[in-house]
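Grab your viewer and work through these exercises with the structure open. Try each task yourself before you read the solution.

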Amino acid sequence: MTTVAARAETAHASRYLQQLAKHWSHKFPVEFTAAAATIDLPMGRCALAADDQALDVTLTGDVGADMDRFKSVVAEHLQRFGHRETLVFDWRDVA
């Protein structure tokens, strides 16, 4: 398994988390609350956690998964929900 994570600073983390979870719940298995979500996508699992200061995103894919594409898809979807805010994702590998 390959895992990457990012923390995007925002005061609206819960709103982004819920919008993404609801958006993908029509096509993929999703579980979410206002503070946490898991979304099982064909590329792997996306786990989200929201607090008052940031949105934490953790992506886990099989070895050999196109993690750059996975990061891009998730970040682009979250950016679409940020009408007046630009989210910055500091992706890093998780050991």
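## Exercise 1: Lay out the sheet

Keep in mind that the model is predicted.

**Task.** In what order do the strands of the open sheet run, and which are the edge strands?

**Solution.**
1. Trace the open sheet and you get 6 strands in the order β2-β3-β4-β5-β1-β6, with antiparallel pairing.
2. Now look for strands that pair on one side only: those are the edge strands, β2 (30–32) and β6 (92–93).
3. Zoom in on strand β1, residues 2–9, which pairs with β6 in the antiparallel sense over 2 bridges.
4. To put residues on that pairing, take Ala5, whose bridge partner in β6 is Arg92. Val4, in turn, stands opposite Asp93 of β6.
5. β1 also runs antiparallel to β5, and here 8 bridges do the joining. One handle on this pairing is Thr2, with Gly61 as its bridge partner in β5.

## Exercise 2: Add the helices

**Task.** Which strands does helix α1 touch, and which does α2 touch?

**Solution.**
1. Start with helix α1 (residues 13–24): it packs on the sheet and touches β2, β3 (36–41), β4 (44–50) and β5 (54–61).
2. For its direction, use β3 as the reference: the angle is about 30°.
3. Next comes α2, which packs on the sheet as well and touches β1, β3, β4 and β5.
4. Take β5 as the reference for α2, and the directions make about 150°.

## Exercise 3: Two residues of α2

**Task.** Is His77 buried or exposed, and what does its side chain reach?

**Solution.**
1. Find His77 in helix α2, residues 67–81.
2. Its relative accessibility is 13%, and buried means under 20%, so His77 counts as buried.
3. The His77 side chain reaches the backbone oxygen of Val73 at 2.9 Å.
4. Skip the neighbours within four places in sequence, and His77 is in contact with Leu20, His23 and Trp24.

**Task.** Now do Lys71: which residues does it touch, not counting those up to four places away in sequence?

**Solution.**
1. Lys71 lies in helix α2 too.
2. Its relative accessibility comes out at 18%, under the 20% cut-off, so Lys71 counts as buried.
3. Its side chain and that of Asp68 are joined by a polar contact of 3.4 Å.
4. With the sequence neighbours set aside, Lys71 touches Val4, Leu59 and Trp91.

## Exercise 4: Rings

**Task.** How many aromatic pairs does a search of the whole structure find? Sort them by geometry.

**Solution.**
1. The search gives 2 aromatic pairs.
2. You need two quantities to describe such a pair: the distance of the centres and the angle of the planes.
3. Trp24 and Phe28 sit 6.4 Å apart centre to centre, with 80° between the planes; edge-to-face needs over 60, so this pair qualifies.
4. Trp24 itself is buried, at a relative accessible area of 6%.
5. Phe89 and Trp91 have 5.7 Å centre to centre and 15° between the planes; stacked needs under 30, so stacked it is.
6. For burial, Phe89 has a relative accessible area of 14% and is buried, while Trp91 has 22% and is partly exposed.

**Task.** Over which ring does the charged end of Arg15 sit?

**Solution.** Check Tyr16: the charged end of Arg15 sits over its ring, 4.9 Å from the centre.

Terms used. Residues numbered from 1 in each chain as written. Predicted model: local features only at pLDDT ≥ 70, side-chain atom pairs only at ≥ 80, totals over all residues. Heavy atoms only, no water. Helix = DSSP H or I, 4+ residues; strand = E, 2+ residues; numbered from the N terminus. Buried < 20%, exposed > 50% of the residue type's maximum accessible area, 1.4 Å probe, protein only. Polar contact = N/O pair within 3.5 Å; in protein donor to acceptor, adjacent residues only side chain to side chain. Contact = heavy atoms within 4.5 Å. Pairing = 2+ DSSP bridges. Axes fitted to C-alpha atoms, helices over the stretch in contact; angles between N-to-C directions. Phe/Tyr/Trp six-rings, centres within 6.5 Å; stacked < 30°, edge-to-face > 60°. Lys NZ or Arg CZ within 6 Å of the ring centre and 35° of its normal.
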